[in-house]
Amino acid sequence: MRCENNLMKHAVIIGIAVLVLTSCAPVLDRDLMDQGAREFQLSHLVETPEVFKDHLFILGGVIVETKLTEMGSQIEVLFIPVNASGYLRDSSRYQGRFLAVYSRSKGILDPLIFKKGREITLAGDFMGVRKGKIDEMEYTYPVFEVRQIYLHEDYQNYAYGWPYYPYYYPYYSPYYYRSPFMYDPWGRYYPGPYWPPPPW
């Protein structure tokens, strides 16, 4: 019993260590993270594109739209600066929009996966600017050619920090409106206000 407890403690310690190490690891290749500029404003690139052309940048943001073109995949992104590991700093503070072009020779970015609302981080070379529209408003987009891209975890299906499955916590039976009958954490139908002991 004591041996099992020790093994459990070691497993927990190793698990925590792995989480700490992975949380510090960059989402993109370290070389790209070190070479690319993270501290900048899109407006500066739009105002003087000739100065920044072909420079490498590390960008984050939220996808507005992904579409496939003759050149490859094109993503319109709400720009959000990233930290040293490539994670978005503050998703509530958008700083304009940009276009990210993923060359057809590298493959495609499926619009059903790289869909609206997903967060991404990418390393891209600044290509210049392109005129476009947001609804009826004229807009000038900075355009980047993607070297590497990272699609962040989709947290829309997560609740309270873990994947959402109905049987992980009490919920009303789908067959009765306002039914008092619930399922316990082990997926068993239970008609009482409290859960029974675990099945093991």
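**Barrel and cores: a quick Q&A**

Of the chain's 200 residues, 32% are buried. Keep in mind that this is a predicted model.

Student: How many helices and strands does the chain have, and in what pattern along the sequence?
Tutor: Let's start with the tally: 4 helices and 9 strands. Now walk along the sequence and write down each element as it comes. The pattern you end up with is α-α-α-α-β-β-β-β-β-β-β-β-β.

Student: In which order do the strands close into a barrel?
Tutor: The barrel takes 5 strands, and their pairing is mixed. One pair in the parallel sense is S3 with S5, over 3 bridges. Going around the barrel, the order is S1-S2-S3-S5-S4.

Student: By how many degrees are neighbouring strands of this sheet turned against each other on average?
Tutor: Direction is ignored here, and the value is an average over neighbouring strands of the sheet. That turn comes to 45 degrees.

Student: Which residue in S5 stands opposite Leu 99?
Tutor: Look at where S3 and S5 pair, in the parallel sense. Leu 99 falls within strand S3 (97–103). Across from Leu 99, in S5, you'll find Val 143.

Student: Which residues touch the most other members of the largest nonpolar core, and which elements give two or more residues to that core?
Tutor: This core has 20 residues, and the ones touching the most other members are Leu 59, Ile 75, Phe 98, Ile 120, Leu 122, Phe 144 and Ile 149. As for elements giving two or more residues, one is a helix, H3 (42–47), and the others are strands S1 (56–68), S2 (72–80), S3 (97–103), S4 (119–134) and S5 (137–151).

Student: What does Leu 122 touch, leaving out residues up to four places away in sequence?
Tutor: Leu 122 is one of the core residues touching the most other members. With the sequence neighbours left out, its partners are Leu 28, Phe 57, Ile 58, Leu 59, Phe 98, Ala 100, Val 146, Gln 148 and Ile 149.

Student: And how many residues does the second, separate core have?
Tutor: Among its members are Val 27, Met 33, Val 62 and Ile 80. The count for this second core is 12 residues.

Student: Ser 92 caught my eye: is it buried or exposed?
Tutor: Ser 92 is in the loop between S2 and S3. Its C-alpha atom is 8.6 Å from that of Ile 80, with their positions 12 residues apart along the chain. The cut-off for exposed is over 50% relative accessible area. Because Ser 92 has 58% relative accessibility, it counts as exposed.

Key:
Residues are numbered from 1 along each chain as its sequence is written. This is a predicted model: local features need pLDDT of at least 70, side-chain atom pairs count only at pLDDT 80 or more; totals for chains, interfaces and linings use all residues. Side-chain values use heavy atoms; hydrogens and water are left out. A nonpolar core is a set of buried Ala, Val, Leu, Ile, Met, Phe, Trp, Tyr and Cys residues joined through side-chain atoms within 4.5 Å. Buried means under 20% relative accessible area, exposed over 50%, partly exposed in between (1.4 Å probe, protein chains only). Contact means heavy atoms within 4.5 Å. Two strands pair if DSSP finds at least two bridges between them. Axes are lines fitted to C-alpha atoms, for helices over the stretch in contact, and angles run from 0 to 180 degrees between N-to-C directions.
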